[in-house]
Amino acid sequence: MNARIAAVLVALLAVMGGGALLYYQQGQTQRPAKAAALGRTLLEGLKAAEVHAIHLREPGDELTVELKDERWVLAERAGYPADLNRVREFVLAAIGLRIGQTEPITEADRARLALDSKGTLVEFRDSQGKVLASFVAGKKYFKREPRNPERAIGDGRYVLLPRDPGNVIVVSAPLAQATAKTAEWISHAGLAVDRLNTLEYRTAGGEGWKIERPTEDAPWKLLGLRPHEKLEIIKANSAAYALSTLEVADVAPKSARPEDLGLDRPDLVTATTFEGLSYTIKVGRAPGEQYAITVSVAGEPKVEGKNAEERSRKLAERLAREHSLEPYALLVAKNRLEDVLKKRADLLVRPEEKRK
C-alpha cells in the first residue's frame, strides 16, 4: 500500500467516523427526548407549603379554593368552608403526577381531547396570587374503552402544560377533582342534631304536625292525636334521626334568588333539644334532586350529668360549625329529608295494621 492510498483510507475513515458520531449525537438529542421525559414529575418544583390557592376554570364556571385566616374556603361561595382533606389530597396528588406518555399534538387533537378551552385549567397560586404551576385537564384516559365513559373513573387523564401546548401528556391519576364544581370541594358536614325533645313540620300552606317526648327514654307523642289514631313510633324516630345526619350536598351560588330555590315560600321544620337548643330549618321546594335549605340555631347549651365537660366541649365544636352554616343557602339530597317532610297521615299507623 503506497502512501497515497493510505492517506485516502485515513480520510475515508475519518469521514465515516465523524458521520457516525454526528448520527449518534442527533439520535441522543431527538429520539430519546420524549423517552427522557417519561417518569419525570409533571409539575416540577411545586411545593405543598407554598400553595395558598387553587384556581379552576372550565367552560361556564370557575372556582377558587383559597387559604384564608388559616382556613381553606371557597371564594365564589362567600368563604364557605372547603374540605381540608380533599384540598390536601388534591395538592399532594398534583405534586406526585408523573409523565406516563407524551406525544406531539395538533390543534384538532387538542379539541378532540378537551385540552383547549373545553378543558379545565388548574392553577396553583402562592400567597400573592402568583401562579406556581398549572396544567389543563382534558378527557379521561382509558386503557380499554368502557361501556359508559362518562361515569367510569378512568385509568388516567390527558393533560397539557400551558408552556408546552404542542404535546399531550398522559398521567396515571384520573384527577376526578379537577373540576370547578363546588360539590367536589366543600365540607359536607351539616347538622348533627341529637337529643331532640320536640320536632315540628309545617308546610307553606300551614298543614303539618308536631311530636314531643318528656324524656329521652320516653316514646314520641303526636300532638292533637284523635282517639282512633295511633302514632307509628318507628316513623317518628326516623324523622328525628334524619336531623342527626343531615349532610350538605352542595351550597347554592350567591346569585341564586330565593324564588329560584323555592325559599320564597318555604316549608318550616323546627326542633328543640334537651340541651336547650332550638333549630329552625327553612326548606325550599324547587324541582330537582336536592332541596335548598337555610338553618338557624338559637339558645344556650345546658349540659349536665356524666362526662358533662367532655360533652360540652364537643357540643361547642358542633355549634360553631352549625352557626357557620347560617349565612348560606345549602343544598341537601331530597332523600335526607324524606322522613321529616311527611304528611301527618303518613306518621300514623294504618287501619289495616292496627287490626293485625
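Where does alanine 114 lie? Alanine 114 sits in the loop between helix H4 (107-112) and S6. We'll come back to that residue after a tour of the rest of the chain. Keep in mind throughout that this is a predicted model.

**The chain at a glance**

The chain holds eight helices and 17 strands. It has 356 residues, and buried ones make up 38% of them. Take the contacts between residues at least 6 apart in sequence: 62% of these join residues at least 24 apart.

**The nine-stranded sheet**

One open sheet has nine strands, in the order S4-S3-S2-S1-S6-S7-S8-S9-S5, and the pairing is antiparallel. Its edges are strand S4 (80-81) and strand S5 (101-104), each of which pairs on one side only. Helix H3 (residues 84-95) packs on this sheet, where it touches strand S1 (53-58), strand S2 (61-68), strand S3 (71-74) and strand S6 (120-125). The direction of H3 makes about 95° with that of S6.

**The eight-stranded sheet**

There is also an open sheet of eight strands, again with antiparallel pairing, and here the order is S12-S11-S10-S14-S15-S16-S17-S13. Strand S12 (221-222) and strand S13 (250-251) are the edge strands, and each pairs on one side only.

Strand S14 (residues 267-273) is a good place to look at side chains, because they alternate along it. Asp267, Val269, Ala271 and Thr273 point to one face and are buried, while Leu268, Thr270 and Thr272 point to the other face and are not buried. Two residues from that second group can be followed across to the neighbouring strands. Threonine 270 in S14 stands opposite glutamate 200, and leucine 268 has lysine 282 in S15 as its bridge partner.

S14 and S15 also form a hairpin, with four residues between the two strands. In the turn, glycine 276 has a positive phi of about 85°. Next along, tyrosine 279 has its bridge partner, valine 297, in S16.

Here are some of the strand pairs from the two sheets, with their bridges:

| Strand pair | Sense | Bridges |
|---|---|---|
| S5 and S9 (residues 167-171) | antiparallel | four bridges |
| S10 (residues 196-202) and S14 | antiparallel | six bridges |
| S14 and S15 (residues 278-283) | antiparallel | six bridges |
| S15 and S16 (residues 290-298) | antiparallel | six bridges |

In the S9 pairing, glutamine 101 has valine 170 as its bridge partner.

**The largest pocket**

About 700 Å³ of space lies in the largest pocket. It is lined by 25 residues, and the closest to its centre are Gly138, Lys140, Glu150, Arg157 and Lys181. Strand S7 (131-141) and strand S8 (156-160) are the elements that give two or more residues to the lining. S7 gives the most, with five residues. Sorted by class, the lining of the largest pocket has eleven nonpolar, five polar and nine charged residues.

**Two residues with positive phi**

Back to alanine 114. Its phi is near 55°, a positive value in a residue other than glycine. Is alanine 114 buried or exposed? Alanine 114 counts as buried because its relative accessibility is 11%, and the cut-off for buried is under 20%.

Glutamate 70 also has a positive phi without being a glycine, with a value near 65°. You'll find glutamate 70 in the loop between S2 and S3. Glutamate 70 is exposed, with a relative accessible area of 78%.

Notes:
Residues numbered from 1 in each chain as written. Predicted model: local features only at pLDDT ≥ 70, side-chain atom pairs only at ≥ 80, totals over all residues. Heavy atoms only, no water. 1 Å grid on protein atoms, 1.4 Å probe; cavity = no way out; pocket = protein on both sides within 12 Å on 5 of 7 lines; lining within 4 Å. Points joined across faces, edges and corners; volume = space filled by probe spheres on them. Nonpolar A, V, L, I, M, F, W, Y, C, P; charged D, E, K, R; others polar. Pairing = 2+ DSSP bridges. Contact = heavy atoms within 4.5 Å. Axes fitted to C-alpha atoms, helices over the stretch in contact; angles between N-to-C directions. Buried < 20%, exposed > 50% of the residue type's maximum accessible area, 1.4 Å probe, protein only.
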